[in-house]
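Student: Please give me a close description of the part of this model that surrounds the ligand, together with the sheets that accompany it.

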Amino acid sequence: MQRDPILQAENVTKRFGGVTAVDGVSVNLAVGETVALIGPNGAGKTTFYNVVSGRMAPTSGRILFEGTDISGKPAHEIARLGISRSFQVTNVFNELSLRENVQVALVSHRGKSLRLFSVLSYDRALREEADAVLARLGLAEMSEQRTGTLSYGDKRLLELAIVLATEPRLILLDEPTAGLTPEETRKVIRLIDGLRADQPYTFFITEHDMEVVFNLADRVLVMHRGRLLAQGTPDEVRTDPHVKAAYLGEDDEAAA
Ligand SMILES: Nc1ncnc2c1ncn2[C@@H]1O[C@H](COP(=O)(O)OP(=O)(O)OP(=O)(O)O)[C@@H](O)[C@H]1O
Ligand SMILES: [Mg+2]
């Protein structure tokens, strides 16, 4: 099936001083695909997401989203165009309720002035909208709970709610199941599966958990030392000798 491209990265490089974290990476994602980005620690996965989502400008190369050049644009502008991301480390306001966290995301996405007082006021439409997003993640009953009291697993689900609140078409998830129990991980897999059944989201997911990769990914990209080492179906990648060597090599170094 021929599908429209949603993200095209062309020869993207990101250097930090002498470290080339992302080294000439070219990637194409099609609308509605779920693509996993895997690779050993330090491979450059998060840096690549930082560049795509506008947290950092690329040193060189070009990134197109739905045909528009977004290279080096600021994060808020890229978010407004339709790319949303989660972070490897949880990133929520613990003092606010779940609903308030989502309201903040809704209001800031729309570019209204972010005065917390007005965000948290009794704007019924905004509240209902936030609750509808929470319901998609099974969090509706907790909407008034203070976020700081949540389990780690539920905080990660709240982050997914915040990601969805900005009505993205491309969703970058940086290790969405890191630190979760096997049961919580399966819940995240089911939820992502349900979300993409509802709407033609394109998911780009970094993961160390191969259960997540094998359950969700149509295609897998493997990064190693800043470069794309291999790509293919989950089965192709699993049996690729270069991929095995990359992971084993990393273990050797760690053991040394
Ligand atoms: N802000 C930064 N400044 C300097 N070096 C950085 C910065 N961010 C990342 N790096 C370096 O870039 C390389 C790639 O790191 P990155 O975090 O992108 O890897 P990763 O694939 O996400 O790893 P992990 O699986 O551990 O999350 C590493 O060598 C890292 O130390
Ligand atoms: Mg990372």
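Tutor: The account below begins with the ligand and then turns to the two sheets.

This is a predicted model, in which local features need pLDDT of at least 70 and side-chain atom pairs count only at pLDDT 80 or more, while totals for chains, interfaces and linings use all residues. Residues are numbered from 1 along each chain as its sequence is written, chains are lettered from A and ligands numbered from 1 in the order in which they are written, and side-chain values use heavy atoms, with hydrogens and water left out.

Ligand 1 is surrounded by 14 residues, the closest being Asn41, Gly42, Lys45, Thr47 and Gln88; a residue is near the ligand if one of its heavy atoms lies within 4 Å of it. By class, this shell holds five nonpolar, seven polar and two charged residues. Here Ala, Val, Leu, Ile, Met, Phe, Trp, Tyr, Cys and Pro count as nonpolar, Asp, Glu, Lys and Arg as charged, and the others, Gly among them, as polar. Helix H1 supplies the largest share of the shell, three residues.

Polar contacts are pairs of N or O atoms within 3.5 Å. A polar backbone atom of Gly42 is 2.8 Å from an oxygen atom of ligand 1, and a backbone N or O atom of Ala43 lies 3.1 Å from an oxygen atom of the ligand. From the side chain of Thr46, an N or O atom is 2.8 Å from an oxygen atom of ligand 1. Of the 640 Å² of accessible area that ligand 1 has on its own, the protein covers 63% (Shrake-Rupley method, 1.4 Å probe).

Helix H1 (residues 45–52) also lies across S1, S2 and strand S4 (60–65), running at about 115° to S1. Contact means heavy atoms within 4.5 Å; axes are lines fitted to C-alpha atoms, for helices over the stretch in contact, and angles run from 0 to 180 degrees between N-to-C directions. Helices (H or I, at least four residues) and strands (E, at least two) are DSSP runs, numbered from the N terminus.

Four strands form an open antiparallel sheet in the order S2-S1-S4-S5, where strands pair if DSSP finds at least two bridges between them. Eight bridges join S1 (residues 5–16) to S2, and Leu7 has Leu29 as its bridge partner in S2.

A further open sheet has six strands in the order S6-S7-S8-S3-S9-S10, with mixed pairing. Strand S6 (83–85) and strand S10 (227–232) each have a single partner strand, so one side of each lacks a neighbour in the sheet.

Conventions: A polar contact is a pair of N or O atoms within 3.5 Å; within protein, one must be able to donate a hydrogen and the other to accept it, and residues adjacent in sequence count only if both atoms are side-chain atoms.
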